[in-house]
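Let's take a walk through this fold together, starting from one residue on the outside and working inwards. Keep the viewer open as you read.

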Amino acid sequence: MLWIKALHIIFVTSWFAGLFYLPRIFVNLAQETPGPTTERLLLMSRKLYRFTTMLAVAALVFGLVLTWMQYHSPDGMKLPGWLHAKLTFVLLVLGYHHACGSLLKKFERGVNKRGHVFYRWFNEVPVLLLVAIVILVVVKPF
């Protein structure tokens with residue numbers, strides 16, 4: 001089970017690194033005028049989004065396996081309250097990941113309506129989600 005936990009942590013960390021960086025590219029895209037720099041940033045964004053999607057899948061698979069191994073019992077799964085809360089935040093992270101993909105498509109179509117300030121604030125969302133998840137996992141408040 002420790003190998004599964006280690007792999008889960010590695011893939012979650014890598015996934016979040018991508019979620020921290022992708023909106024930073026969006027900040028630059030929002031400031032650029034169409035041209036070669038924009039095309040390079042779009043290429044970087046597409047590749048990063050695809051890569052972080054693979055990392056997210058691996059993180060989720062290892063997380064589900066870890067949860068099943070730890071909490072599966074013959075009389076049914078009895079998950080603690082903190083884990084329910086953590087899974088809720090994980091769903092929010094998945095929503096954020098999906099939102100990044102939607103924003104990337106808007107940049108690709110040239111229909112982005114938001115400025116760089118929005119993306120600077122948008123970039124802070126995964127930090128808050130990560131803080132909440134880590135506190136729930138480590139402190140287990142309920």
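**From the surface to the core**

Start at Val65, which sits in helix 2 (residues 36–71). Helices here are DSSP runs of H or I with at least four residues, strands are runs of E with at least two, and both are numbered from the N terminus. Before going further, a word on the source: this is a predicted model, where local features need pLDDT of at least 70 and side-chain atom pairs count only at pLDDT 80 or more, while totals for chains, interfaces and linings use all residues. Residues are numbered from 1 along each chain as its sequence is written, and side-chain values use heavy atoms, with hydrogens and water left out.

Val65 has a relative accessible area of 31%, so it is partly exposed. The cut-offs are under 20% for buried and over 50% for exposed, with partly exposed in between (1.4 Å probe, protein chains only). Val65 also belongs to a nonpolar surface patch of about 540 Å², made together with Met1, Val57, Val61, Trp68 and Met69. To join a patch, a residue needs over 30% relative accessible area and no salt bridge; like charges are linked within 9 Å and nonpolar side chains (Val, Leu, Ile, Met, Phe, Trp, Tyr) within 5 Å. The areas themselves come from the Shrake-Rupley method with a 1.4 Å probe, and for residues only the protein chains shown count as cover.

Now zoom out. The protein chain has 5 helices and 0 strands. Its C-alpha atoms fill a box of roughly 60 × 25 × 20 Å along the principal axes. Of its 142 residues, 34% count as buried. About 8700 Å² is exposed, and carbon and sulfur atoms supply 71% of that area. Look at contacts (heavy atoms within 4.5 Å) between residues at least 6 apart in sequence, and 76% of them join residues at least 24 apart.

Helix 1 (residues 2–31) is a good rod to check with a ruler. Its 30 residues should span 44 Å at 1.5 Å a residue, and the end C-alpha atoms are 45 Å apart, which agrees; the expected span is 1.5 Å times one less than the number of residues. Helix 3 does much the same, with 29 residues reaching 43 Å against an expected 42 Å. Right after helix 3 comes Gly110, whose phi is positive, near 75°.

Which residues of helix 1 are buried? Among them are Ile4, His8, Trp15, Phe16, Gly18 and Leu19. Their cover includes helix 2, helix 3 (81–109), helix 4 and helix 5.

That brings us to the inside. In soluble globular proteins, nonpolar side chains tend to be buried together. Here the largest nonpolar core has 26 residues, and Trp15, Phe26, Leu29, Val93, Cys100 and Tyr119 touch the most other members. A core is a set of buried Ala, Val, Leu, Ile, Met, Phe, Trp, Tyr and Cys residues joined through side-chain atoms within 4.5 Å. Helices 1, 2, 3, 4 and 5 each supply at least two residues of this core, and the largest share, 8 residues, comes from helix 1. A second, separate core of 5 residues includes Trp82, Leu83, Ala85 and Leu136.

Click on Trp15 and its surroundings light up: leaving aside neighbours within four places in sequence, it is in contact with Thr52, Leu55, Ala56, Ala59, Val93, Leu94 and His97. Leu48 of helix 2 is buried as well, at 17% relative accessible area. With the same kind of neighbours set aside, Leu48 is in contact with Gly18, Tyr21, Leu22 and Ile25. The C-alpha atoms of Leu48 and Gly18 are separated by 6.6 Å, although the two are 30 residues apart along the chain.

Helix 2 has a polar link too. Glu108 forms a salt bridge with Arg46, with the closest N and O atoms 3.0 Å apart; the rule asks for a side-chain nitrogen of Lys or Arg within 4 Å of a carboxyl oxygen of Asp or Glu. Glu108 lies in helix 3 and Arg46 in helix 2, so the pair ties together parts that are 62 residues apart in sequence. Glu108 is partly exposed at 37%, and Arg46 is partly exposed at 25%.
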